[in-house]
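Please open the model in your viewer, set it to a cartoon view, and keep the selection tool at hand. The tour begins with the whole chain and then moves from one selection to the next.

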Amino acid sequence: MPSPSLAVAVKRITLVVLGWVAVSSALNLVWEIAQLPLYTIVRTEPFPRIAYAVLHCTIGDALIALGSFIAAGLATRHLYWPATHPLTGGGISTAFGLLYTAFSEWYNVYETGAWAYSESMPLVFGIGVAPLLQWLIIPLALLVFFRRRWRAQAAAPRFPAAAQG
């Protein structure tokens, strides 16, 4: 049976990570819907296929957000890195999201043809600007949002005194 302090730590980590992914998912869902006109799917596919694509991409965004949060946490060695190491963690998180998105866009547009840009999508080196901006703006918004909320937790002892054994 795990010790009480381990159970508290696992619960805390789970809640922090789920909070990050949940807020990220909500923001990414809005972004995915807003950028739809920049892809050909809105002109070529029926609504159920579009809805599936938005859901699929939002789940992918949640996984990118999870990976970027974990990468930043491991690099800074702190669960509340948005409050304790905002520049380092934010840079790592943003770089992770940007690099993965640039690769994914290139691969899915040019290698597999899984999706295509409309003529209104601005491009940088052949990659859509909208998804790149998504992984600049949303991580920054998350950083600001959680930095404010996690300052008290980041300053508190690692585990509650009652849970230490």
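Accessible areas here come from the Shrake-Rupley method with a 1.4 Å probe. On that basis the surface of this protein, which is a predicted model, comes to about 9,600 Å², and 72% of that area belongs to carbon and sulfur atoms.

**The whole chain**

Select everything and colour it by secondary structure, which comes to 6 helices and 2 strands, arranged along the sequence in the pattern α-α-α-α-α-β-β-α. If you turn the model along its principal axes, the C-alpha trace spans about 60 × 30 × 25 Å. Of the 165 residues, 39% are buried, and among the contacts with a separation of 6 or more, 72% are between residues 24 or more positions apart. Should you colour by charge next, you will be looking at 10 positive and 6 negative charges, whose mean positions lie 26 Å apart.

**Helix α1**

Now select G19, which is found in helix α1, residues 4-34. Is G19 buried or partly exposed? G19 counts as partly exposed because its relative accessible area is 22%, and buried means under 20%. Add F146 to the selection and draw a line between the two C-alpha atoms: although G19 and F146 are 127 residues apart along the chain, these atoms are separated by 9.0 Å.

**Helix α3**

Move on to residues 47-76, which form helix α3, with 30 residues that reach 43 Å from the first C-alpha to the last, close to the 44 Å expected at 1.5 Å a residue. Just after α3 comes R77, whose phi is positive, near 60°.

**Helix α5 and what follows**

Select residues 86-111 next, which are helix α5; its 26 residues reach 36 Å from the first C-alpha to the last, close to the 38 Å expected at 1.5 Å a residue. Which residues of α5 are buried? They are P86, G89, G90, S93, T94, G97, T101, S104, E105, N108 and V109. An α-helix has 3.6 residues a turn, so residues three or four places apart point the same way.

Finally, select T112, which sits in the loop between α5 and β1, the latter being residues 123-124. T112 counts as partly exposed because its relative accessibility is 41%, and its side chain reaches the backbone oxygen of N108 at 3.3 Å. The tour ends at G113, which follows α5 and has a positive phi, near 70°.

How values were computed. Residues are numbered from 1 along each chain as its sequence is written. This is a predicted model: local features need pLDDT of at least 70, side-chain atom pairs count only at pLDDT 80 or more; totals for chains, interfaces and linings use all residues. Side-chain values use heavy atoms; hydrogens and water are left out. Helices (H or I, at least four residues) and strands (E, at least two) are DSSP runs, numbered from the N terminus. Buried means under 20% relative accessible area, exposed over 50%, partly exposed in between (1.4 Å probe, protein chains only). A polar contact is a pair of N or O atoms within 3.5 Å; within protein, one must be able to donate a hydrogen and the other to accept it, and residues adjacent in sequence count only if both atoms are side-chain atoms. Contact means heavy atoms within 4.5 Å. Lys and Arg count as positive and Asp and Glu as negative; His and the chain ends are not counted. The place of a charge is taken as NZ of Lys, CZ of Arg, CG of Asp or CD of Glu. The expected span of a helix is 1.5 Å times one less than its number of residues.
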